[in-house]
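I opened this notebook to keep track of what I looked up in one structure. The entries follow the order in which I looked.

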Amino acid sequence: MGRLFDARDSLVRMVLVILSGVGYLVFGMPGDGTPAQWVLAVGAFAVGLSFHRRVLVNLLLQTALLAVTIALVDDITINQVGASWALLELTVRAARPRTIWLSAGLLAVVDLTDSLGVPVRQFLSGVAGLLVEVGVPLLLGLVIRTTGEVTRQAQQRAAEEQRRRESESRAARADERSAIARELHDVVAHHVASMVLRVGVARHVLTDLDPRVGEVFDDVHGTGTAALADLRRLVAVLRDPDGVRGDAALTAIEPTALPAALDATVDRARQAGVTVEADLDPAIGTLDAVRGLAVLRLTQEALTNVAKHAGSAALARLTVAVVDGDVHWEVSDDGGGSTSTVLPSGGGHGITGMRERVEVLGGRLEAGPTKEGWRVGTVLPAAAGPA
């Protein structure tokens, strides 16, 4: 019912009422009606069309036309219906209840002028007629108004309940992050630290080593130390998610440190035996911190996959370019002498994690076999942010 009397549809309702009035004038009125009846009816129609959105003005003008009709003609049905409909619209849409009751009283007084100076029996009949002319539109309007208010209150309660659930969900995620952070700190970080310590001790104790073995020890020690630093940063993110932009995938890196970090990643891949051709745009040093970290992590994962699946004899090509603010990133390989036609084995979680990281920044990861080997690439848009 409330939707039927939506304020946006007031013109449609007014047109329907006018069509009903025209039908009454043409087919329902005894005879063809007097010129005065037609003029007053057309006046009511014009007022209704002109002021269908200004409900108080419409009611006052319709009531004035009704008063004139009572004084001039015998059949006042058209103008009575016009005034009663105006009262219904006002009751539904008036801002203050006081306006409703004053308007209803005014219409009742004007309607009663038609019963002045008549016998008591006829006067009482006129008073009873107010139940239809004033009481029905007033009651119907109040019902519609109350229904709309109840609906709005229900929607507000539903919105509040949704906000409460979202708040509880955020709190649950925060608790889960804290639990994960504790596990990382107590288990993973402990074991990695132990491994790094043992490698350091071995490097110190075994002094007479082949230089190549020493380089391996140094690389393992450096990699473990870097892993510990990454773990500490991740634990900090999990314990304080508000410190970054909402998700662990959006951890930041200092923009000026990105070129050096990429160079270190390339060097590590070369130490593993992979030949890497890197084409790095100098503009990557100006990237925002979030996309900078994404480029670094994607490169690390992609070159690791090349070493793992294409072999140490593979030739990998890394390209990172900034074009109109968008980051174009790509890593491809020649397959190490054999063409891979399926997704690299090993669970596929590396590609999945890369895809999730790219999508959260508004991009789309493309990964698949080429004529020679494998290619993975994406474009990180300039307006990068959480999806």
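**Entry 1: confidence.** I began with the elements of the protein: helix H7 (residues 211–239) has the lowest mean pLDDT among them, 76, and strand S3 (residues 326–333) the highest, 93. I note that this is a predicted model. For the protein, the mean pLDDT is 79, and 82% of the residues reach 70 or more. Two stretches made me stop. Residues 244–251 have a pLDDT below 50, and the model gives this stretch 24 contacts beyond near neighbours in sequence. Residues 339–348 also have a pLDDT below 50, with 14 contacts in the model beyond near neighbours in sequence. Where pLDDT is low, predicted coordinates should not be read in detail. I left both stretches there.

**Entry 2: a nonpolar patch.** Which residues form a nonpolar patch on the surface? I found Leu11, Val12, Val15, Leu16, Leu19 and Leu49, with about 520 Å² of accessible area together. Helix H1 (residues 10–28) gives the most to the patch, namely five residues. Leu49 sits in helix H2 (residues 35–50). I looked up the exposure of Leu49 as well: its relative accessibility is 38%, so it counts as partly exposed.

**Entry 3: salt bridges.** How many salt bridges does a search of the whole structure find? The search gives 12. Side chains of opposite charge can pair when their charged atoms come close. I wrote down three of the pairs.

The first note is on Arg164 and Glu168, whose side chains meet in a salt bridge at 2.4 Å, N to O. Both lie in helix H6 (residues 120–205), and because they are four residues apart there, about one helical turn separates them. Arg164 has a relative accessible area of 38% and is therefore partly exposed. Glu168 is partly exposed too, at 44% relative accessibility. I then saw that this pair belongs to a network of salt bridges that links Glu161, Arg164, Arg165 and Glu168.

The next note is on Arg270 and Asp267, which form a salt bridge with 3.7 Å from N to O. They are three residues apart in helix H8 (residues 258–271), so they too are separated by about one helical turn. Arg270 is partly exposed, with a relative accessible area of 40%. Asp267 counts as partly exposed at 38% relative accessibility.

The last pair is Arg317 with Glu277, where the closest N and O atoms of the salt bridge are 3.9 Å apart. This pair links distant parts of the chain: Arg317 is in strand S2 (residues 315–323), Glu277 is in strand S1 (residues 275–280), and their positions lie 40 residues apart in numbering. Arg317 has a relative accessible area of 31%, which means that it is partly exposed. For Glu277 I noted 42% relative accessibility, again partly exposed.

**Entry 4: Glu89.** Is Glu89 buried or exposed? I placed Glu89 in helix H4 (residues 77–93). Its relative accessibility is 5%, so Glu89 counts as buried, the cut-off for buried being under 20%. I then asked what Glu89 is in contact with, leaving aside its neighbours within four places in sequence. Glu89 is in contact with Arg13 and Val55.

Technical notes
Residues are numbered from 1 along each chain as its sequence is written. This is a predicted model: local features need pLDDT of at least 70, side-chain atom pairs count only at pLDDT 80 or more; totals for chains, interfaces and linings use all residues. Side-chain values use heavy atoms; hydrogens and water are left out. Patches are made of residues with over 30% relative accessible area and no salt bridge: like charges are joined within 9 Å, nonpolar side chains (Val, Leu, Ile, Met, Phe, Trp, Tyr) within 5 Å. Accessible areas come from the Shrake-Rupley method with a 1.4 Å probe; for residues, only the protein chains shown count as cover. A salt bridge is a side-chain nitrogen of Lys or Arg within 4 Å of a carboxyl oxygen of Asp or Glu. Helices (H or I, at least four residues) and strands (E, at least two) are DSSP runs, numbered from the N terminus. Buried means under 20% relative accessible area, exposed over 50%, partly exposed in between (1.4 Å probe, protein chains only). pLDDT is the predictor's confidence in each residue, from 0 to 100. Contact means heavy atoms within 4.5 Å.
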